[in-house]
Amino acid sequence: MGYKFERASCTESGINPKAVYDFINKAEKENLGIDSFMLLKGGKVVAEGCHAPYTMDSPHVLYSFSKSVTAIALMYAVDEGKISLNDSITKFFPQYDKHRRNEKITVRHLVTMTAGKMVGMAKNRHHKDWIKIFFDAPAIAKPGKQYMYVNDNFYMLSAIIGKVYGETLVDFLYPRLFEHLEIEKPVWEVDDFGYAAGGWGLYMSITDTAKLIQCCANGGKWQGKQILPEEQLKEFTKYQVPTLNKGQIDVTKGYGYGFWRTSIPDTYRAYGLHGQMGYVFEKKDTVLVIHAGISKDELLALAVDKLAETLWDEPVAEYEDKLKDLLSSLGDKDNLPIEPRSTKLEQKFNQKELKTRSTMFASMLHATMSTVMNELSGNTDRFILSLEKNGDLSLMWKEGFDVNTIVLGMENKYVYNKITLAGLKFTACTKAAWTTPRVLTVYVRLLEGCHVRKLVFVFDNEGKVIIRNDSYPDMPTLAVHYMDFSGFPLPDKLESLLLNHVAPAVLLIGEPNFRIQKMVNDFLME
C-alpha cells in the first residue's frame with residue numbers, strides 16, 4: 001500500500017484553522033498561484049489541497065528546490081567520508097583545470113554559492129560540456145568572498161558526487177533516502193554524461209516533497225529510523241553565509257548548505273522558482289510544502305510570513321468547517337465558457353497543415369523550462385487541426401524533432417495527453433473552446449510543470465489564420481522578479497520601461513505569435 005500520512009484536525013493539533021483559512025483565501029483571491037500544498041503538525045497532515053489538473057501524487061517541477069535535494073546527497077557523501085567540504089573541485093576534474101585556475105574553489109564554496117564564478121542560466125548548454133562551461137566561466141569574486149546565486153554550483157556538486165560514486169544522483173539517493181521514504185525513483189534532468197542538473201530539473205509530487213521535508217523536520221528520522229546524517233543535517237540547515245543586503249526579504253536572511261534561512265524566526269526552507277517551497281518551523285514541529293506557478297513568488301513568501309504570525313495562536317474552532325469547505329471548493333486552474341462549436345470552421349480547416357515562421361524558443365514548454373534543458377526543443381513550425389470521427393477536435397504540431405497530437409477537450413474538462421518535449425515525457429492537460437464564432441482558445445498545461453500555454457487561433461473572414469501565443473507565469477514579470485531576487489531591485493521608472501516596452505519586443509523572439517504563412521491541403525509530417 002505504501003506509506004500514508006496520518007490526518008488530524010487543525011484544532012486538535014494546536015494549529016489555528018483561521019490562519020490557514022485566511023492564507024488559502026488570500027492565495028485564491030490574489031492569484032498567488034498555488035497548485036497544491038500540505039501543512040503538517042507533528043508529522044500529521046492538518047490541511048491539504050490542490051487545483052485540477054494537479055493531484056497530490058502527480059510529479060511537479062521543483063526548479064531550485066532541487067538544490068536542497070542535491071545538498072542532502074552531499075550530506076551522505078560527506079558523512080561517508082568520500083567527499084570533504086574542503087576538497088578542491090580541481091581534485092575531481094583535473095583535466096578541465098590544467099593551469100589550476102580553479103584550484104581554490106572548494107566543495108564548500110559550491111554548496112554555499114560563494115565560488116565566485118558567473119555562469120548565466122541562458123548560456124547555450126544544449127549538448128554542451130557543462131563541466132567545461134563552469135571551469136571556463138569568468139571569476140567575478142575570490143572564492144568564499146561573495147554570495148552569488150549561480151545554479152551551476154549545484155550542477156558541479158551533482159557531477160562530483162556522480163564522479164566519486166559512479167552512479168546518477170537518483171540512483172545514489174534511492175537506497176539512502178527515496179526507498180526509505182517510499183518514493184519511486186523521480187525524474188531528474190541530466191546532461192550528456194548522465195550527471196543530474198543538480199540545481200534544477202527534479203520532478204516530485206507534493207506528497208513526496210512533504211515526506212522529504214518532514215524527514216528533515218524529524219532531525220533526519222523516518223518511522224523511528226535515522227536515515228539522514230543527523231549532525232550533517234544540523235550543519236546544512238543552519239546559517240552559514242550572508243546572502244543579499246537588499247531585495248526580496250526571504251533571500252536576505254542567510255544561506256546554509258543548500259537551504260535558506262528565512263525571515264520567520266527559527267525557520268529554514270527549500271525554495272524553487274515560481275513558488276516551490278518547503279518550510280521547516282524548527283521549534284513548532286510544523287512543516288509547510290507548496291507547489292505553485294506564480295511570476296512574483298515573493299508575494300507567496302510574504303503570505304507565508306503572514307500565516308506564521310497567527311498559525312499557532314489559540315485555535316478559532318468555528319473556522320475548522322470553513323477551512324474544509326474552502327479546500328473542497330478548489331476548482332480547476334483554467335476555465336473556459338462552453339460556447340457553441342464553429343463546426344463549419346472545424347470542417348473547413350480539418351487536416352489543413354498550417355505552416356508558420358518560428359524561432360528556436362517557440363515551444364509548448366515555458367521558456368524557464370526549455371532554456372536550461374540539455375535537449376533543445378522549440379522551432380514549432382506547423383500546426384494541424386483535425387476533426388475526429390467521434391467529434392473530438394485534436395491538434396498536432398511539430399516542434400524540433402518531436403511531433404505530438406493532443407485532444408483539445410471541448411467540454412471545459414481536462415483531457416490528459418501523453419507527449420514528448422525536449423526528450424522528456426510529459427502529460428499535457430488540455431482544454432479548448434470557441435470563445436467567439438471565429439476564435440478558438442486552447443489551454444495546454446503540463447501536469448509536471450507549473451505553467452500554462454495559451455494558444456488563440458483567430459480565423460478572419462478571408463480565411464487567414466493567426467495563432468496568438470501566451471504563457472503564464474509571464475516572462476516580463478519574471479524578469480523584474482529575478483532582478484529583485486538577485487539583489488538588484490529596479491527603480492519604478494526602469495521597471496515600467498522593462499515591462500511596457502522592452503519586454504514586448506523580447507517576447508516577439510522568445511514567445512512569438514504564429515502568423516500562418518502557408519496552408520497546405522495534403523500534409524506530411526517529416
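**Group meeting talk: cavities, a pocket and a sheet**

Okay, hi everyone. Let's start inside the protein: sorted by class, the lining of the largest cavity has six nonpolar, four polar and one charged residues. Before I go on, please keep in mind that this is a predicted model.

So which residues are we talking about? The largest cavity is lined by M364, L365, H366, M369, V444, L446, G449, H451, V452, R453 and S471. If you're looking for the strands involved, β18 (439-446) and β19 (452-459) each give at least two residues to that lining. And what is the volume of the largest cavity? It comes out at about 70 Å³. In total, the structure holds four cavities of 30 Å³ or more. How do you find such places? Rolling a probe the size of a water molecule over the atoms shows where empty space is left.

Now on to a pocket. The second largest pocket has a volume of about 540 Å³. Three elements give two or more residues to its lining, namely β4 (187-188), β5 (202-204) and β17 (424-436). Which of them gives the largest share? That's β17, with three residues. Altogether 26 residues line the second largest pocket, and P59, P186, V187, W188 and Y203 are the ones nearest its centre. By class, this lining splits into twelve nonpolar, four polar and ten charged residues.

Next, the sheet. Here we have an open sheet of six strands, in the order β2-β1-β11-β10-β9-β8, and the pairing is antiparallel. Why do β2 and β8 each have one side without a neighbour in the sheet? Because β2 (44-50) and β8 (260-261) stand at the edges, each with a single partner strand.

Let's zoom in on one pair. Strand β9 (residues 267-272) runs antiparallel to strand β10 (residues 276-281), and six bridges connect them. If you want to find one yourself, go to Y268: its bridge partner in β10 is V280.

There's a helix to look at here too. Helix α2 (residues 17-29) lies across β1 (34-41), β2 and β11 (286-292), and α2 runs at about 170° to β1.

Last stop, a single residue: V251, in the loop between α10 (230-237) and β8. Is V251 buried or exposed? V251 counts as buried, because its relative accessibility is 1%. Compare its position with D334: the two are 83 residues apart in sequence, and 31 Å apart in space, going C-alpha to C-alpha.

That's my tour, thanks for listening!

Technical notes: Residues numbered from 1 in each chain as written. Predicted model: local features only at pLDDT ≥ 70, side-chain atom pairs only at ≥ 80, totals over all residues. Heavy atoms only, no water. Pairing = 2+ DSSP bridges. Helix = DSSP H or I, 4+ residues; strand = E, 2+ residues; numbered from the N terminus. Contact = heavy atoms within 4.5 Å. Axes fitted to C-alpha atoms, helices over the stretch in contact; angles between N-to-C directions. 1 Å grid on protein atoms, 1.4 Å probe; cavity = no way out; pocket = protein on both sides within 12 Å on 5 of 7 lines; lining within 4 Å. Points joined across faces, edges and corners; volume = space filled by probe spheres on them. Nonpolar A, V, L, I, M, F, W, Y, C, P; charged D, E, K, R; others polar. Buried < 20%, exposed > 50% of the residue type's maximum accessible area, 1.4 Å probe, protein only.
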